[in-house]
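Hello,

Here is the structure for your files. Notes on the pockets and one helix follow.

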Amino acid sequence: MSERFLPEKDAYNVVVVGATGAVGRTMLEILEERRFPVADLAPVASSRSAGTRIAFNSKEYVVQDLEHFDPRGWDIALFSAGGGTSLAHAPRFADAGCYVIDNSSAWRMEPDVALVVPEVNPDALEMARRNRIIANPNCSTIQMVVALKPLHDVVPIRRVVVSTYQAVSGAGGKGMDELARQTADLLNARQAESDVFPARIAFNVIPHIDVFMDDGYTKEERKMMDETRKILDPNISVTATTVRVPVFYGHSESINVTFEAPLPAEKAREILAEAEGICVVDDPKGEDYPMPSEAAGTDYVWVGRLRDDPSHPNSLQMWVVADNVRKGAALNAVQIAEMLIR
Ligand code: A2P
């Protein structure tokens with residue numbers, strides 16, 4: 001047994017930075033649901049919402065302003081308030097002895113920062129002993145590596161080609177507001193203005209998430225490609241196309257996987273059915289397959305449409321769906337917090 005990260009206590013002092021946001025609110029819900037032993041809670045956000053109240057475990061807490069928050073005496077901070085906020089504030093929390101679990105992309109690819117999906121690479125958490133910052137991977141990466149890992153353990157994966165269908169909640173509360181508003185506007189024959197997304201998202205599909213880079217890929221695509229290699233295996237080549245669709249909750253992914261040797265879809269289905277955190281729904285005759293409408297609000301990574309790829313003897317095709325705000329963000333962060341107190 002390895003040494004504990006935090007001393008054994010009945011309960012721990014927990015900060016949620018971004019507590020008023022889509023992910024932050026879900027972090028609070030999941031801490032409650034999983035009965036995380038919270039001694040004191042600090043919901044923290046910007047000065048805009050400081051002073052408002054948040055209910056947690058039947059008690060009310062006042063939202064505090066991050067700029068003036070003193071992290072001394074706090075054990076764990078779950079950050080989901082954007083990359084700039086994490087870069088500016090996570091180090092002072094870590095220096096004060098508080099473990100930071102950061103949902104932004106700010107620290108993910110730093111070589112000495114742990115990038116952890118508990119079902120996939122729990123040992124990577126060891127790195128956090130030195131710097132006390134742990135990065136929560138990108139939402140699309142998390143659900144993909146959860147589905148790939150059990151297969152990779154049986155037959156090594158060589159190459160992954162993925163296309164995503166990502167929900168607007170990935171862009172936070174403001175993304176959901178924009179889809180709702182544009183839908184209502186268009187149904188009422190009004191002009192739909194775009195503010196959060198680069199084009200109209202209502203009744204549309206946008207092959208552009210985050211900014212474009214010089215090589216023609218977007219940063220979201222680059223995150224999936226780089227993070228998968230850091231978490232799972234640097235020897236896997238990955239190419240991604242990430243697409244925003246007008247769905248509120250739940251990212252879907254069409255994944256083509258090429259292995260070192262053949263892994264028949266039937267065998268892959270058996271492996272995934274036994275794997276931690278995965279639910280296989282794959283019945284073409286019954287027309288049963290995973291969809292965001294059913295995955296939303298659940299903690300599983302749902303896998304279906306498993307089939308052999310007739311274009312390559314070592315490849316198979318699969319469809320993977322998960323709640324991007326839960327397993328893709330808040331749940332994964334709380335699972336990491338659970339590892340810290342184990
Ligand atoms: P606030 O409510 O004060 O704006 P979402 O991803 O749903 O848009 O939510 C973003 C979260 O991050 C909110 O809780 C928001 O707080 C918080 N946030 C954004 N910018 C900052 C900042 N500079 N300092 C602290 N919290 C921030």
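The lining of the second largest pocket has five nonpolar, one polar and five charged residues. Nonpolar here covers Ala, Val, Leu, Ile, Met, Phe, Trp, Tyr, Cys and Pro; charged covers Asp, Glu, Lys and Arg; the others, Gly among them, are polar. This pocket holds about 280 Å³ of space. Of its eleven lining residues, Ser2, Phe5, Glu126, Met339 and Arg342 are the closest to its centre.

A pocket is an open set of points on a 1 Å grid over the protein atoms alone, with protein on both sides within 12 Å along at least five of seven lines; lining residues have an atom within 4 Å of a point.

This is a predicted model: local features need pLDDT of at least 70, side-chain atom pairs count only at pLDDT 80 or more, and totals for chains, interfaces and linings use all residues. Residues are numbered from 1 along each chain as its sequence is written, and side-chain values use heavy atoms, without hydrogens and water.

The largest pocket has about 1,300 Å³ of space. It is lined by 49 residues, with Gly82, Gly170, Ala171, Gly172 and Lys174 closest to its centre. Its lining has 15 nonpolar, 24 polar and ten charged residues.

Now helix 7 (residues 265-274; helices are DSSP runs of H or I, at least four residues, and strands are E runs of at least two, numbered from the N terminus). Ala265, Ala268, Ile271 and Leu272 are buried (under 20% relative accessible area, 1.4 Å probe, protein chains only). They fall within an arc of 115° down the axis (directions from the axis to the C-beta atoms), so they line one face. Glu266 and Glu274, on the face turned away, are exposed (over 50%).

Best wishes

Key:
1 Å grid on protein atoms, 1.4 Å probe; cavity = no way out; pocket = protein on both sides within 12 Å on 5 of 7 lines; lining within 4 Å. Points joined across faces, edges and corners; volume = space filled by probe spheres on them.
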